[in-house]
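Biologist: Could you take me closely through the place where the ligand sits, and then follow the chain outward from there? I would like each term explained where it first matters.

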Amino acid sequence: MRYSADSLETAAKTILNGFGCSDNEAAIVADHLIRANLSGHDSHGVGMLPMYGQQVEDGNLIPNQTPDFLPVAGAICVVDAKRGFGHRMALLALDHAIETASEHNVAVLGLRNSGHISRAGNYSEYCAAKGFVSLHFVNVWGHPPLVAHFGSCEPGFSTNPVSMGIPVDGKAKPMLDMATSTVAMGKVRVAYNRGEQIPTGWVIDEEGHSTTDPEPIWSRREGALTAFGAHKGSGLGIFVELLAGALAGKETVATGNNIPRGVFNNMLSIVINPAGFDNISDIESRVLEFYQSIKDGKPADGVTEVLMPGEPEERRAADRLDNGIEVDDTTIEQLMTTATTFGVDRESLSKQLKPT
Ligand code: NAD
């Protein structure tokens with residue numbers, strides 16, 4: 001079933017209000033989740049709400065939290081999110097980093113102890129909209145690791161995403177946003193909820209053999225996701241863990257891995273004022289020239305058009321805004337169950353969901 005983005009956003013806000021989030025926080029989180037759905041990353045869209053509900057119940061995710069901005073000199077910013085909703089905490093932390101980068105031309109932000117920050121690309125887009133180049137490295141902790149590092153059939157770190165964006169005309173163009181696992185764990189959840197098999201190469205079983213069954217890893221955490229790009233992707237995932245967890249944060253997954261139903265993020269962000277390097281319009285021209293040179297590359301067999309990072313998301317968003325966002329019935333039922341747990345009336349919530 002497809003639902004209009006507006007109606008899904010309204011329903012998400014209702015559920016978040018049920019969790020105890022203020023209207024302001026509910027609007028920020030719902031906006032983030034719907035943008036993730038629009039961009040095609042259903043793994044990080046409204047389907048995350050049941051997990052957030054469990055974490056609120058456990059006291060591991062705290063609505064309306066006030067982060068601590070730690071006193072640090074120079075261009076380094078450190079923000080302790082104190083387990084607040086990461087979508088809002090990360091924006092507050094980035095506002096602080098952007099202010100610092102306006103003074104020093106660069107800021108290096110450590111956001112630590114945050115609730116799930118969800119789609120890392122959101123933060124590249126946020127900085128680009130304010131005219132800043134940004135790079136974000138995010139580790140995932142709280143639960144045991146999920147991703148097998150190169151050469152091992154046991155998980156050693158989690159899906160540790162990386163995102164980067166360069167502003168052109170106030171938009172991140174190009175914009176890279178990817179897990180350092182072959183795919184994010186949420187994509188396994190989406191396949192499982194839809195009753196589908198997963199492609200070969202996403203997941204290995206406990207002996208290290210590739211499997212297309214999402215059930216053992218999703219339901220029982222048996223086996224592991226694979227790191228993308230063999231030894232090189234594995235190496236990047238390890239460095240994301242170190243930059244975000246050991247340097248910017250206070251926990252890597254080696255130590256912070258036994259909090260029941262806990263999913264937390266630390267993020268190291270580098271925010272750069274492009275004007276510190278050159279005239280902005282000259283930089284944008286160089287970016288666009290290179291952008292076009294990549295797109296002009298001859299498509300390989302079976303490829304109709306070469307795309308730059310960020311383009312698939314843009315196109316899916318245009319399609320889904322017009323035609324609605326597909327959400328499977330299992331996910332809708334999980335949203336309903338979560339909502340009723342928090343005292344939201346099931347019938348009025350289902351009235352908010354408008355199929356397209
Ligand atoms: P993915 O495998 O779809 O990769 C996405 C990246 O590849 C994007 O930059 C996209 O533009 C680019 N891309 C895709 N197809 C392309 C093509 N044909 N040509 C050129 N570029 C192309 O996504 P993923 O790695 O599964 O990540 C999904 C989401 O999960 C991301 O938003 C990520 O931030 C999020 N995530 C979050 C956490 C967390 O703990 N907060 C953890 C892991 C992942």
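**The ligand and what surrounds it**

Modeller: An oxygen atom of the ligand lies 3.2 Å from an N or O atom in the side chain of His 44. This is a predicted model, in which local features need pLDDT of at least 70 and side-chain atom pairs count only at pLDDT 80 or more, while totals for chains, interfaces and linings use all residues. Residues are numbered from 1 along each chain as its sequence is written, and side-chain values use heavy atoms, with hydrogens and water left out.

The distance to His 44 falls under the heading of a polar contact (a pair of N or O atoms within 3.5 Å; within protein, one must be able to donate a hydrogen and the other to accept it, and residues adjacent in sequence count only if both atoms are side-chain atoms). His 116 takes part as well, with an N or O atom of its side chain 3.4 Å from a nitrogen atom of the ligand, and in the case of Glu 313 the side-chain N or O atom is 2.7 Å from an oxygen atom of the ligand. On its own the ligand has 860 Å² of accessible area, of which the protein covers 80%; such areas come from the Shrake-Rupley method with a 1.4 Å probe, and for residues only the protein chains shown count as cover.

Two elements, β9 (171–178) and α10, each give two or more residues to the shell around the ligand. Helices (H or I, at least four residues) and strands (E, at least two) are DSSP runs, numbered from the N terminus. With four residues, β9 gives the most to this shell. There are 23 residues around the ligand, and those that come nearest are Ser 118, Asp 177, Ala 179, Gly 310 and Glu 313, where a residue belongs to the surroundings if one of its heavy atoms lies within 4 Å. By class, the shell holds twelve nonpolar, seven polar and four charged residues, with Ala, Val, Leu, Ile, Met, Phe, Trp, Tyr, Cys and Pro counted as nonpolar, Asp, Glu, Lys and Arg as charged, and the others, Gly among them, as polar.

Glu 313 leads on to the helix that carries it, α10. This helix runs through residues 311–323, and its 13 residues should span 18 Å at 1.5 Å a residue, which agrees with the 18 Å between its end C-alpha atoms; the expected span is 1.5 Å times one less than the number of residues. Glu 311, Glu 313, Ala 317 and Arg 320 are buried in α10, where buried means under 20% relative accessible area, exposed over 50%, and partly exposed in between (1.4 Å probe, protein chains only). An α-helix has 3.6 residues a turn, so residues three or four places apart point the same way. The buried residues of α10 pack against α2 (23–38), α9 (280–295) and β14 (325–326), and after the helix comes Gly 324, whose phi is positive, near 95 degrees.

Glu 313 also has a neighbour in the loop between α2 and α3 (49–58), where Ser 39 is placed. Leaving aside residues up to four places away in sequence, Ser 39 touches Arg 119, Glu 313 and Arg 316, a contact being heavy atoms within 4.5 Å. Ser 39 counts as buried because its relative accessibility is 5%.

Strand β9, the other element of the shell, has a backbone feature of its own, since it contains Pro 174. A cis peptide bond, with omega about 0 degrees, joins Lys 173 to Pro 174. Most residues other than glycine have a negative phi, and most peptide bonds are trans. In the loop between β8 (162–168) and β9 lies Asp 169, a residue other than glycine whose phi is nevertheless positive, near 55 degrees. Asp 169 counts as exposed because its relative accessibility is 69%. Arg 221, in the loop between α7 (215–220) and β12 (224–226), likewise has a positive phi near 55 degrees, and with a relative accessible area of 44% Arg 221 is partly exposed.
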